[in-house]
Amino acid sequence: MAEEAVKISVPYFDLTRQRRELSSQLETVLKDVLESGQYVLSSAVRDFENAFARFCGSPYAVGVGSGTDALIFALKACGIEKGDEVVVPSFTFIASAFGISHAGARPVFADVDPRTYTLDPASVEKVLTRRTRAILPVHLYGQAADMEPLLALAKEKKLKVIEDACQAHGALWKNKKAGTLGDAGCFSFYPTKNLGAIGDGGMVLTSKASRAESVRRLGNLGRTSLKDPHWEFGWTSRLDALQAGVLSVKLKFLDSFNEKRRKIAERYKKNLKDTPLVLPYEREDGRHVYHLFVVRVPNRRRGPLQKFLQEEGVPTRVHYPQPIHRQPPYLEFAKALKRLPVTEMLAKEILSLPIFPEMKEEEIDRVCEVIRRFYGMG
Ligand SMILES: Cc1ncc(COP(=O)(O)O)c(C=O)c1O
């Protein structure tokens with residue numbers, strides 16, 4: 001790739017391309033919902049819940065207001081309560097821990113695997129106490145966590161497993177969909193997710209009717225229907241009909257969008273394989289859906305590389321610059337630092353390159369060309 005390659009700016013993410021591609025279908029569904037006069041608790045929501053449940057192979061799906069609420073309600077529906085400990089990676093988006101805290105329980109941070117960046121089962125084992133009630137693996141960046149040892153550990157110790165699949169719509173682990181492997185699976189439909197709404201939204205999957213019912217009650221002010229009394233303290237956190245309509249349209253394209261993400265990742269890997277960057281590792285027993293394409297930049301060169309890319313019109317991000325136990329709400333856990341060496345190392349080195357299904361080949365090549373030039377490999 002020559003330096004004279006066309007100097008195009010590459011967006012980090014561009015939602016308008018997908019909107020343009022699906023515009024007539026989206027406009028029809030938005031109009032239908034608007035005209036229906038039913039904006040919450042409607043058939044559009046039930047239809048999407050059923051479609052997403054079918055897509056994932058889960059008996060029950062309950063729409064809620066966000067991924068964070070999905071985590072809170074799933075934990076509570078699994079019986080997690082005040083005084084309980086829930087093991088979670090510190091290397092994830094802070095909402096994974098917020099779900100635990102808002103459910104009234106205590107997050108206990110474990111380290112991640114240095115290749116996959118998902119929860120390290122050996123580290124989990126080290127932090128178990130007699131108060132541990134659940135494990136919350138995160139399918140980070142679109143790749144399922146190493147579920148076999150986690151599920152085995154949970155079975156042995158009688159712990160619940162609540163999956164944070166907020167970044168892993170359609171990801172597979174041994175031919176099963178992420179979010180269907182434990183006692184409950186939680187999804188976010190934040191607009192930039194692999195399946196994204198035009199606002200906030202979330203979903204809980206579970207194989208138990210009573211648990212699904214409990215999630216639905218929690219998000220509907222503690223009652224199941226208008227005729228019901230309010231059985232318990234609840235929230236107003238429901239997936240609304242407009243979001244459900246949009247998501248129903250997009251769900252039909254999720255597999256093809258994920259396939260496009262995988263192709264982009266493949267092209268990145270091919271173009272960058274001889275650079276000093278550490279490229280994403282894909283487990284053989286699953287299907288990574290590349291919600292993010294995250295590389296590691298060794299030798300303290302992340303800052304300079306990020307600046308160089310920015311100056312060349314290639315914005316990048318860091319997911320996430322601070323491990324959760326270093327963020328203000330969780331500073332009391334900072335002493336855990338010594339136990340989380342992989343987390344600490346990753347926070348300093350990771351860099352997210354642009355990726356979204358509609359990204360063009362010349363844009364991928366442009367990102368790679370700038371990176372190669374940074375390393376004097378132009
Ligand atoms: C790993 C993870 N967990 C939880 C969430 C929370 O989802 P939401 O933003 O819909 O509350 C997100 C997304 O933002 C996430 O990436």
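For the description that follows, Ala, Val, Leu, Ile, Met, Phe, Trp, Tyr, Cys and Pro count as nonpolar, Asp, Glu, Lys and Arg as charged, and the others, Gly among them, as polar. In this predicted model, the shell around the ligand can be sorted in just that way: five of its residues are nonpolar, eight are polar and two are charged. The ligand is surrounded by 15 residues, and the closest are Ser66, Gly67, Thr68, Ala95 and Ser188. Two elements, helix 4 (67-77) and helix 5 (95-102), each give two or more residues to this shell.

With the ligand site introduced, the overall fold comes next. The protein contains 13 helices and twelve strands. Its radius of gyration is 21 Å, close to the 21 Å given by the globule rule for 378 residues, so the protein is as compact as a globular protein of that length. The C-alpha trace spans about 70 × 55 × 35 Å along the principal axes. Of the 378 residues, 48% count as buried. Among contacts between residues at least 6 apart in sequence, 70% join residues at least 24 apart.

The chain is divided into domain 1 (19-250) and domain 2 (253-374). The centres of domain 1 and domain 2, taken over C-alpha atoms, are separated by 24 Å. Domain 1 brings 30 residues to the contact and domain 2 brings 32 residues. On the side of domain 1 that touches domain 2, 15 residues are nonpolar, nine are polar and six are charged.

Turning to the interior, the largest nonpolar core holds 107 residues, of which Ala74, Leu75, Val86, Ala134, Cys186 and Val204 touch the most other members. Helix 4, already met beside the ligand, gives the most to this core, with seven residues. Domain 1 (19-250) and domain 2 (253-374) each supply at least three residues to the core. Cysteine 186 offers a closer view of these surroundings: leaving out residues up to four places away in sequence, it touches Gly67, Ala70, Leu71, Ala74, Ile162, Glu163, Asp164, Ala165, Cys166, Gly202 and Val204.

Two helices make a helpful contrast in how they are covered. In helix 8 (residues 209-219), eight of the eleven residues are buried, so this helix is largely enclosed by the rest of the structure. These buried residues are Arg211, Ala212, Ser214, Val215, Arg216, Arg217, Leu218 and Gly219. Their packing partners are strand 1 (60-64), helix 4, strand 8 (184-188) and strand 9 (202-206). Just after helix 8, leucine 221 adopts a positive phi of about 55 degrees. Helix 11 (residues 302-311), on the other hand, is hardly covered, with one buried residue among its ten. A positive phi also appears just after helix 11, where glycine 313 takes a value of about 85 degrees.

A last stop is glutamine 167, found in the loop between strand 5 (160-164) and strand 6 (172-173). Although placed in a loop, glutamine 167 counts as buried because it has 26 C-beta neighbours inside 10 Å, where 20 or more are needed. Apart from its neighbours within four places in sequence, glutamine 167 is in contact with His139, Leu140, Tyr141, Gly142, Lys193 and His291. From glutamine 167 to proline 114, the C-alpha to C-alpha distance is 19 Å, with their positions 53 residues apart in sequence.

Note on methods
Residues are numbered from 1 along each chain as its sequence is written. This is a predicted model: local features need pLDDT of at least 70, side-chain atom pairs count only at pLDDT 80 or more; totals for chains, interfaces and linings use all residues. A residue is buried if 20 or more other C-beta atoms lie within 10 Å of its own, exposed if 12 or fewer, and partly exposed in between; C-beta atoms are placed from the backbone. Helices (H or I, at least four residues) and strands (E, at least two) are DSSP runs, numbered from the N terminus. A residue is near a molecule or strand if its C-beta atom, placed from the backbone, lies within 6 Å of it. Two residues are in contact if their C-beta atoms, placed from the backbone, lie within 7 Å. The radius of gyration is taken over C-alpha atoms; the globule rule is 2.2 Å times the number of residues to the power 0.38. Domain bounds come from an automatic or database domain assignment. A nonpolar core is a set of buried Ala, Val, Leu, Ile, Met, Phe, Trp, Tyr and Cys residues joined through C-beta atoms within 7 Å.
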